[in-house]
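Thanks for making time this morning. I would like to take a few minutes on the charged side chains of this protein and on how they pair.

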Amino acid sequence: MQQFQNATSGDIVLSMAGRIIENRAYLSEIDGKIGDGDHGVNMAKGFGMAAERIKGNGMSLAGALDTLGTVLMTEIGGSMGPLYGVMFIQFAETIEKASVIDAAIFSEMLHNGLDGIQAIGSAKVGDKTLLDTLVPAITAFDTASRDGRSFAESLDVLVVAAEAGRDSTRDLVAKIGRASRLGERSLGVLDAGATSCALILKSLADGIEDRLQPSP
């Protein structure tokens, strides 16, 4: 069994913020092909604001995720702020009382984040949204864990599934949001939300893997 400490892992969110900020122009470029073109700008703004509040405060992972979620939910425009905001807040609430996080708690965290998104949005897998990344990633993680793979191995499987899910959006027609007005013309382009979700999950997985320790 592998696990990591909640109290000392807030910096994972700083790394996640750095990954989003680095990809600001790329995310906006993708979004500009079938959407408003502001996804990267809005995401970088929100993650940057949260990082300033987290930096140097020795936050737990739960505290840092709650800070990020609150900023995205309350201070960022666009459609993605509330969706990612509720996801991160649900993540934080799931783990806030856990001193250590193992694969089972991490899975519960992912599922609660997904439930939060689905409670406020109507999208489903196949609609060319972030769910095309998130849902297969969670399914792959759970399958790997049930098959006896370690936490680290299951995280690797999650990342592969997330990136495959992201890539699948290139061949989907948008059913939700502004891109849905384009119909078949939305084919051939990655979805910006699915792309940012893959970045988030990769950064989260990398940060956890760096901190994993055997259970006592």
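Before I come to individual residues, let me fix one term: a residue is called partly exposed when its relative accessible area falls between the limits for buried, which is under 20%, and exposed, which is over 50%. Please also keep in mind that what you see here is a predicted model.

With that scale in hand, take R149, which has a relative accessible area of 42% and is therefore partly exposed. Its salt-bridge partner is E153, with the closest N and O atoms 3.9 Å apart, a pair that counts because the rule asks for a separation within 4 Å. E153 is itself partly exposed, at 37% relative accessibility.

In general, side chains of opposite charge can pair when their charged atoms come close. By the rule used here, the model has eight salt bridges, and I will show you two others.

K55 pairs with E52, and in that salt bridge the closest N and O atoms are 3.3 Å apart. Here K55 is partly exposed, at 48% relative accessible area, whereas E52, at 55%, counts as exposed.

Finally, where do K202 and D206 lie? Both are in helix 9, which covers residues 192–211, and they sit four residues apart, or about one turn of that helix. Their salt bridge brings the closest N and O atoms to 2.8 Å, and both residues are partly exposed, K202 at 27% and D206 at 25%. R19 joins K202 and D206 in a network of salt bridges.

How values were computed:
Residues numbered from 1 in each chain as written. Predicted model: local features only at pLDDT ≥ 70, side-chain atom pairs only at ≥ 80, totals over all residues. Heavy atoms only, no water. Salt bridge = Lys/Arg side-chain N within 4 Å of Asp/Glu carboxyl O. Buried < 20%, exposed > 50% of the residue type's maximum accessible area, 1.4 Å probe, protein only. Helix = DSSP H or I, 4+ residues; strand = E, 2+ residues; numbered from the N terminus.
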